[in-house]
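User: Please pick one part of this model and take a close look at it, with enough of the surroundings to see where it sits. One connected answer is fine, and keep it informal.

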Amino acid sequence: MKAKLLWPLAIFLVLAVFLGVGLKLDPREVPSPLVGKPAPVFKAPSLAQPEKVLRKEDMLGKVWMLNVWASWCGACRDEHPVLVAYSRAGGGVPVYGLNYKDKREDGMGWLNQFGNPYADSLFDPDGRIGIDYGVYGVPETFVIDQAGVIRYKHIGPVTPEVLRNKIEPLLKQLNKA
Amino acid sequence: MTFTSHRGLGRALRAMALGLVLAAGANLALAADAPSASANPELEARMMAMAAELRCLVCQNQTIADSHAGLAEDLRQQIREMLAKGQSEREIMDYMTQRYGDFVLYRPPFKATTVLLWVGPAVLMVFAIGTLVVVLRRRQKLGDDAFDPDDAEASSPAEPPAAR
């Protein structure tokens with residue numbers, strides 16, 4: 001009889017553990033299959049200079065970040081000061097932008113207004129490069145190593161905490177290699 | 001059950017049926033809105049069939065066929081172009097999972113990480129039926145005197161004690 005009384009408690013505990021873990025999971029954060037794989041090849045005009053072409057091959061040999069942004073993206077505005085501060089501080093890796101599904105003049109206007117933290121920005125008006133990179137929630141940020149392999153992907157705005165706790169330790173480790 | 005509660009049940013069922021009809025209507029309306037930019041209806045039908053198998057990552061409980069999100073429109077266009085180029089459905093599905101992972105598939109593949117997903121409900125069902133059989137067998141063996149209507153605990157061992 002005693003054991004029988006414990007059953008509901010046991011079932012409740014199992015359920016509570018499952019629901020508790022479920023609460024911690026963010027369904028928006030889908031693990032990217034691209035992490036650990038070579039970054040998709042791209043060939044895109046620069047946002048600022050339409051005649052200049054940026055290629056993935058040009059990036060080989062250095063650790064860099066690719067930050068997907070757009071002038072229409074509200075969360076990008078929250079993130080932007082963090083990136084501007086990172087670039088201004090110096091000593092970090094170059095950050096390249098991917099101006100995603102935007103108009104050239106809107107993108108340029110946004111950078112003039114809020115500051116330009118990017119070494120350069122790829123211009124991707126129809127979102128094709130975005131699809132290749134599995135972008136579904138702007139802003140997104142990729143860390144790409146010397147060999148052109150994606151090492152980390154962050155979905156949503158990069159906060160000072162993410163930068164300090166996740167990205168910077170990884171960059172340090174990658175730069176040592 | 002009394003007469004009045006029967007009527008209440010009927011009303012509830014009617015309300016539920018109405019809700020289902022409305023929901024189905026809303027679905028049809030959404031499907032009808034989905035833009036079809038291609039002049040080739042056969043290609044368009046194949047594209048929509050594939051899009052119905054893919055999850056829109058922006059609004060996660062909708063398929064790419066249903067969704068109006070910009071990304072869903074782009075991906076429909078991508079499927080359209082790949083089909084027009086003669087690529088197989090297999091190739092297109094691979095293209096999608098390479099970029100967005102298995103999560104993009106509404107029917108995820110059976111593999112180590114998805115075993116619980118596929119087998120879980122069946123295991124729970126077997127466990128539930130097993131429990132039911134055990135409980136009923138045990139009850140069958142009890143004598144009539146075990147079923148005292150005033151003693152809730154003895155007559156319903158499968159239910160949690162009503163201690164409050």
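Analyst: From the N terminus on, chain B runs α-α-α-α-α-α, which makes 6 helices and 0 strands. Helices and strands here are DSSP runs numbered from the N terminus: H or I over at least four residues for a helix, E over at least two for a strand. A note on ground rules: this is a predicted model, so local features need pLDDT of at least 70 and side-chain atom pairs count only at pLDDT 80 or more, while totals for chains, interfaces and linings use all residues. Residues are numbered from 1 along each chain as its sequence is written, with chains lettered from A and ligands numbered from 1 in the order in which they are written.

Let's place chain B quickly. Of its 164 residues, 13% are buried; that label takes 20 or more other C-beta atoms within 10 Å of a residue's own, exposed means 12 or fewer, partly exposed is in between, and C-beta atoms are placed from the backbone. Chain B is split into domain 1 (37-109) and domain 2 (117-155), bounds that come from an automatic or database domain assignment. Their C-alpha centres lie 47 Å apart. One buried spot is B:L83 in helix α3 (residues 70-84) of chain B: it counts as buried because 21 other C-beta atoms lie within 10 Å. Leaving out residues up to four places away in sequence, B:L83 touches B:L43, B:R46 and B:M47, where contact means C-beta atoms, placed from the backbone, within 7 Å.

Where the two chains meet, 15 residues of chain A face 17 residues of chain B. On the chain A side, α1 (2-24) and α4 (128-132) each give two or more residues, and α1(A) gives the most, with 3. That side divides into 8 nonpolar, 4 polar and 3 charged residues; Ala, Val, Leu, Ile, Met, Phe, Trp, Tyr, Cys and Pro are the nonpolar ones, Asp, Glu, Lys and Arg the charged ones, and the others, Gly among them, polar.

Now the part I'd zoom in on: β4 (95-100) of chain A and what is around it. 5 of the 6 residues of β4(A) are buried, so the strand is mostly covered. On one pairing, β4(A) runs parallel to β3(A) over 5 bridges; on another, 5 bridges join β4(A) in parallel to strand β5 (residues 120-124) of chain A. Pairing needs at least two DSSP bridges between strands. A:Y96 figures in both: A:Y96 is the bridge partner of A:L66, and A:Y96 also stands opposite A:D120 in β5(A).

The connections are tidy too. The chain crosses from β4(A) through α3(A) to β5(A) in a right-handed β-α-β crossover, and β3(A), α2(A) and β4(A) also make a right-handed β-α-β unit. Right-handed means that, with the strands pointing away from the viewer, the path from the first strand over the helix to the second runs clockwise.

Look at that connecting helix, α2 (residues 74-89) of chain A: a kink of about 35 degrees lies at A:H80, shortly before the proline A:P81. The bend is the angle between axes fitted to the seven residues ending at a residue and the seven starting there. In α2(A), the buried residues are A:C76, A:E79, A:H80, A:L83 and A:Y86. An α-helix has 3.6 residues a turn, so residues three or four places apart point the same way. The cover over the buried residues of α2(A) includes β3, β4, α3 (104-114) and α5 (160-176) of chain A. After α2(A) comes A:G90, with a positive phi near 75 degrees.

Just past the other end of β4(A), in the loop to α3, sits A:K101. A:K101 is not a glycine, yet its phi is positive, near 45 degrees. Most residues other than glycine have a negative phi, and most peptide bonds are trans. A:K101 counts as buried because it has 20 other C-beta atoms within 10 Å. A backbone exception of another kind turns up at A:P139, in the loop between α4 and β6 (140-144) of chain A: the peptide bond from A:V138 to A:P139 is cis, with omega near 0 degrees.
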